[in-house]
Amino acid sequence: MIRKSLAAALVAVVATAACGNNSNSDSAAQEIVLGASMMLSGQVNLETIRDGYQWAVDEANAAGGIDVGGAKRTVTLKILDNRGDTSTMVQQVRTLTLTDKATALLGSCCQQNIDVQAQADSLKIPLVMGALPIELLPEGKGYVWDSFQSLGDGAKGFLEVASTAATNKNVVIITTNDAQGESTAEQWKTAATQAGFTVAVKASEPAGTTDYANIITQAKSADAQVLIAAMTPPDCFAMWKQMKALAYAPNLAIGIQCAQTPGWTSLGALGAGTLLQMNWTRTSGLPQADTIVAKFGTKYTNDNDLASVAIGYHEASILLSAITKAGSTDHEKINSALAATDMSSTLGPVKFTANKSATPSFIGQWNADGTISQVWPAQGASPLKPLSGLS
Amino acid sequence: MSADVMVAGVLAGGLYALIGLGISLVFGVLKMMNLMHGELVIGGAYLASLLVGYAGFDPLLALPFAMLGMAALAYPVQRYLLTGLLRASPNAPLVATFGLSLVAQAVLQAVFGTHPKALNAPYADAGFTLAGVRIQAVYAISFALTIVLCGATHLILTRTRAGSAVRASAADPMTASMLGLNVGRIYALTMAGAAALAAAGGVMTGVAQSFTPTSGLPLLLTGFAVMALAGIGSVGGVLLGGITLGVLQSISTDLFGGGWRNFVVYTVFFLTLSFRPSGLFRRAVPA
């Protein structure tokens, strides 16, 4: 009798547990999980991009979720902080994919996106990223989609601006000596030569360099009046101070990557007049530009930060749209839907070719008051001002 | 190689020496590798940034306050945490200081964010020409400051009773303790002194370059390289070690390009450790 009672109780417990599990499974099956392993602490904090992701997801959930095969399903955003550590990122991407059963992934930033790409490709999970110029996305296995600005377009924009300025067209190009830096240097060198400029000095330095005296001396000797620097922000800070101290005053300077940080304002007057390549400006006329300013303008006062919010929203919108279009959470179907993407979001139109879609580029200029003005293209642009910080 | 580049290397070496002096002092006295030294340097820069940003201080005026502030923070850490660990196991402080460096980074990120900061001053981007050589004012000031602080450290260690106590504690802590010296307090004062020197390096780094909460690691490596070149316990050697490092960087960049700079510098670092572990300048000015 006792045995029968125990057996019945055991069956009841197991059945209850099983029902509970089924219920959870159903709940889980209803939910769309978007995962991202990104840098939220350490040298880089991508909270602006994360806010963009969250904005898109909140917007979708406020509408009752996204339509997947005729049913509304809510979206959960699961973001893990990898502190910029590659092995942590690898582990997190595997966890998001295999344990959390993420439907698809969103990107991190910059060089780390290249590392994330390899993981997504190996796990065959769709990944939508921005914050990596499209030329820098390596050829992968087709699961990674990059919608961002093109280095080539940025170079073209800067050189158009430079052509209108009074310079002798002698250029110094200095980049970091990693893959991204070398690739950027080659792109800009080719573009500058084609535009009729002469690359008088080309140098690459390891990130973390603080002494640029030798390059500055070469640039002065070559009378290079146009400076193109693609470096990390701290390196540019050191070089800008050293340029001024060593009396090297180019007529025009662009800080690719390095001037694209709100921290540039720490340079004070020295940073005024420096140009930067941007993927978004408040005067760009891009979709929802005014909404971004209204919604995040208090939290992030600088256009660089707002541009990153736009990146996050843009990426998440592309992915959510593709999931709806696929009508399924199947990775292959979502990937096929991404290939057929034809939409417009906060960074502009999206249509992938070979997994890349170039968004518009803008050239901005730092003002003495710490704001940025768009100087190219003409629509929404202010007149170019002198490079007062280094003069 | 132009004189401009060589002089820039020499003057940058002064800043390296300032960063390395605190590491050398702690290792020489406490026999402890302080892996949070980089954060002490950066902490000094952030403390100064508060005074510069909110009180309108010039960075050089903020410098002594930053030194005092970092010394006040470092003293209790050594007195009530690290010395106890050091007595328990010579390796324990290594792990503890590494952990403290991570904690410090997290706190700095939480308080100041991750965007790079710089300390603005009229001399931050000023320069002057001397005998046809263009000189960056901030590095000239750093160099002068390093000489003053190296000299002061040397005099304190060799000409004062406190310095004698420090040297006695360094040579034989047990005997020093038996003779009535409070070795725990001396260790804490030494760490506080090293933190003050680190803060001075941080302020000048903030003026000459920039800093973020994670800038400490490369500065720690710079400090180690200076210490290896200088040898332990040689204040004058630290100055020469810093200058050697700066000049090496300039020469290697000029000859081989920036990509080989770290290779050349750290090859010399390892060769020194292998063939002259006491340092290149150990006999220069014994502390």
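Q: What does it take for two residues to be in contact, and what share of the contacts in chain A between residues at least 6 apart in sequence join residues at least 24 apart?

A: Two residues are in contact if their C-beta atoms, placed from the backbone, lie within 7 Å. In chain A, 67% of the contacts between residues at least 6 apart in sequence join residues at least 24 apart. This is a predicted model, in which local features need pLDDT of at least 70 and side-chain atom pairs count only at pLDDT 80 or more, while totals for chains, interfaces and linings use all residues. Residues are numbered from 1 along each chain as its sequence is written, and chains are lettered from A and ligands numbered from 1 in the order in which they are written.

Q: How many residues does each chain give to the contact, and which element gives the largest share of the side of chain A that touches chain B?

A: Chain A gives 34 residues and chain B gives 35 residues. Helices (H or I, at least four residues) and strands (E, at least two) are DSSP runs, numbered from the N terminus. On the side of chain A that touches chain B, two or more residues come from each of strand S9 (198-205), helix H7 (213-221) and helix H8 (233-245) of chain A, and H8(A) provides the largest share, eight residues.

Q: How is a nonpolar core defined, and which residues have the most contacts inside the largest one?

A: In soluble globular proteins, nonpolar side chains tend to be buried together. A residue is buried if 20 or more other C-beta atoms lie within 10 Å of its own, exposed if 12 or fewer, and partly exposed in between, with C-beta atoms placed from the backbone. A nonpolar core is a set of buried Ala, Val, Leu, Ile, Met, Phe, Trp, Tyr and Cys residues joined through C-beta atoms within 7 Å. Here the largest nonpolar core has 214 residues, and those with the most contacts inside it are Ala229(A), Met70(B), Ala195(B), Ala199(B) and Val203(B). Helix H8 (residues 183-208) of chain B gives the most to this core, with 18 residues. Leaving aside neighbours within four places in sequence, Ala195(B) is in contact with residues including Leu40(B), Met70(B) and Leu73(B).

Q: Where is Arg83(A) found, and is Arg83(A) buried, exposed or partly exposed?

A: Arg83(A) is found in the loop between strand S4 (75-81) and helix H3 (86-99) of chain A, and its phi is near 55°, a positive value in a residue other than glycine. Arg83(A) counts as partly exposed because it has 16 C-beta neighbours inside 10 Å.
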